[in-house]
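Work through the following exercises with the sequence and the model side by side, trying each task before reading its solution.

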Amino acid sequence: PAGEGRLRALIERPFGDDAIGWRVAVLVEDGTERRATGRVVAYSTEADAYLIAYDPNEGQSEQAPREAWEQERRKRTAAMRQNPSLAGKSRFSFLAPPACDWPPRGLLDTETCSSGPSREPALRFRSWKHELENNVRNAPSRLMVRLEDHTDEVLFVVFSPCGTRLASCSRDLRTVIFRLRPSQGSCSSASSASTKGVEGSSGADPVFEREAVLSHQTAPCRAVWWPVSPYTTLAVSTEDAGWQGASKVEIWEVLPQEGRSCNPEEAGSAVPPIVDGLSVGLGARCLFQCQNRPFDIYAAVCPWPPPAVANPGEDEQLCCLAGWAVFRENERYVQWLSVWPGPHHSEFRPGVEPPGGGGLPDGATAGAGTPVPLARLRLEGEMNYLHCLEVGPPAEGRRILAMTGSTPHLCDEIGIIDLACLRLRGGHGLGLAAAAARTTVAAAPWPGDGA
């Protein structure tokens, strides 16, 4: 079908040696926003760069294509100072994979495809990529609604556990919270002005109302809802834009309609006071902000201390994990995570993490209102650190799934952080004795039943 190459490029977006043979469009950083097309012919692990054989320009003689080593990361430019979110955008747009036909519909057998005599056969079936391709081709679908509230690329969306709210993170430096309501009645007048109806949509489809807008210093790239009712609290992780702003984890609360116009000092304990230095939002309040290094660790919500028996944890126990530091030590990666108390924890203090990471020397005490982590976790790895933390379901409540890799530049393995293996190290927190069991898969979400 028309556009099949671009659809495959979206589904199978390659990295490293898997990109060899793909056609790409590379941003030419000369201020013109033009792109040069070519084909990937080699990859360097040491430089994390791709050798591109560019197509000859119009008017040029028929000669061997020009080759150049290119990196996906963008250079620092004047435009980036005006728009820090550009720092996280790739220069590459993958256009089409090496010549290879997709399987006929319904074909689930294992076959291979080769992009050239020098490449090993690549597994095409019985993988998550094949499952996604099969779903795109065969799953019945109907477009219900199109949300157009963002003005830049959408990086992440997630429903609340109750299914009545949707958080949408974008490079326009905003996270928009939508509330799903039944279409019957007068809800349509309150729906977002940027919500577009779609031809063929049913009158029974829910209406997406824009309930709140969270503003950030850098682009929000992931959000996780607090896993307890009433599902109005979420933790948002933002990108690192270098000198324009470091990656943060921010805990936000969506305010009730009746509490949005009142004086916070008169609203009681249900609406915490505004603290200087925190981000602002429309219909929501930022309660806490801390650093998250590196940004792609992403925040996770779990009970602390880890329960003796796996369970989801009470709201008073729930805490937020954020990255504190990653460095090399004796040929291994050492990674530290901070454990921050959640909004209903007895040790929670609203505000911004103080400079220096919020740690305190032995014997020191925090000043009134100063946020302090409950503990720090030390993790050790071989060739990469743990990314994209994902806390297990209730049956696996003491385990955290994470991505890692066999090289510093590639996430091709997963690890499991087992909080049951914690042991005390010094006076500042708990260290992890053994970080992970690994397997070579690209994505492995927890199943709903925790198996």
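**Exercise 1. Determine how many disulfides there are, and describe the surroundings of Cys-169 and Cys-302.**

Step 1. With a disulfide taken as a pair of cysteine sulfur atoms within 2.5 Å, the count comes to zero. The model is a predicted one, in which local features need pLDDT of at least 70 and side-chain atom pairs count only at pLDDT 80 or more, whereas totals for chains, interfaces and linings use all residues. Residues are numbered from 1 along each chain as its sequence is written, and side-chain values use heavy atoms, with hydrogens and water left out.

Step 2. For Cys-169, the nearest cysteine sulfur belongs to Cys-221 and is 7.5 Å away; for Cys-302, the nearest is that of Cys-319, at 6.9 Å.

Step 3. Buried means under 20% relative accessible area, exposed over 50%, and partly exposed in between, with a 1.4 Å probe and protein chains only. Cys-169 has a relative accessible area of 0% and is buried, and Cys-302, at 0% relative accessibility, also counts as buried.

**Exercise 2. Examine the salt bridges of Arg-171, Asp-172 and Glu-329, and state how exposed the partners are.**

Step 1. A salt bridge is a side-chain nitrogen of Lys or Arg within 4 Å of a carboxyl oxygen of Asp or Glu, and by this rule there are 13 salt bridges.

Step 2. Arg-171 meets Glu-153 at 3.0 Å, N to O. Arg-171 is buried, with a relative accessible area of 6%, whereas Glu-153 is partly exposed at 39%.

Step 3. Asp-172 and Arg-174 form a salt bridge at 3.2 Å, N to O; Asp-172 is buried at a relative accessible area of 15%, while Arg-174, at 21%, is partly exposed.

Step 4. Glu-329 and Arg-378 meet at 2.8 Å, N to O. Because Glu-329 lies in strand β20 and Arg-378 in strand β23, this pair ties together parts that are 49 residues apart in sequence; strands (E, at least two residues) are DSSP runs, numbered from the N terminus. Glu-329 is partly exposed at 30% relative accessibility, Arg-378 is buried at 9%, and both belong to a network of salt bridges with Arg-332 and Glu-380.

**Exercise 3. Trace the open sheet that contains β1 to β5, and name its edge strands.**

Step 1. The five strands follow the order β4-β3-β2-β1-β5 with antiparallel pairing, where two strands pair if DSSP finds at least two bridges between them.

Step 2. Strand β1 (residues 23–27) and strand β2 (residues 35–44) share five bridges, and Val-24 stands opposite Gly-38 in β2. Between β2 and β3 (residues 49–54) there are six bridges, with Ala-53 in β3 as the bridge partner of Arg-39.

Step 3. In the hairpin of β2 and β3, four residues lie between the strands, and Asp-48 takes a positive phi near 50 degrees.

Step 4. The edges are β4 (67–70) and β5 (92–96), each of which has a single partner strand, so one side of each is left without a neighbour in the sheet.

**Exercise 4. Identify members of the largest nonpolar core.**

Step 1. A nonpolar core is a set of buried Ala, Val, Leu, Ile, Met, Phe, Trp, Tyr and Cys residues joined through side-chain atoms within 4.5 Å.

Step 2. The largest core has 21 residues, and among those that touch the most other members are Trp-304, Leu-321 and Ile-400. The elements giving two or more residues to this core include β20 (318–329) and β23 (375–381).

Step 3. Another core lies apart from it and has 15 residues, including Val-249 and Leu-287.
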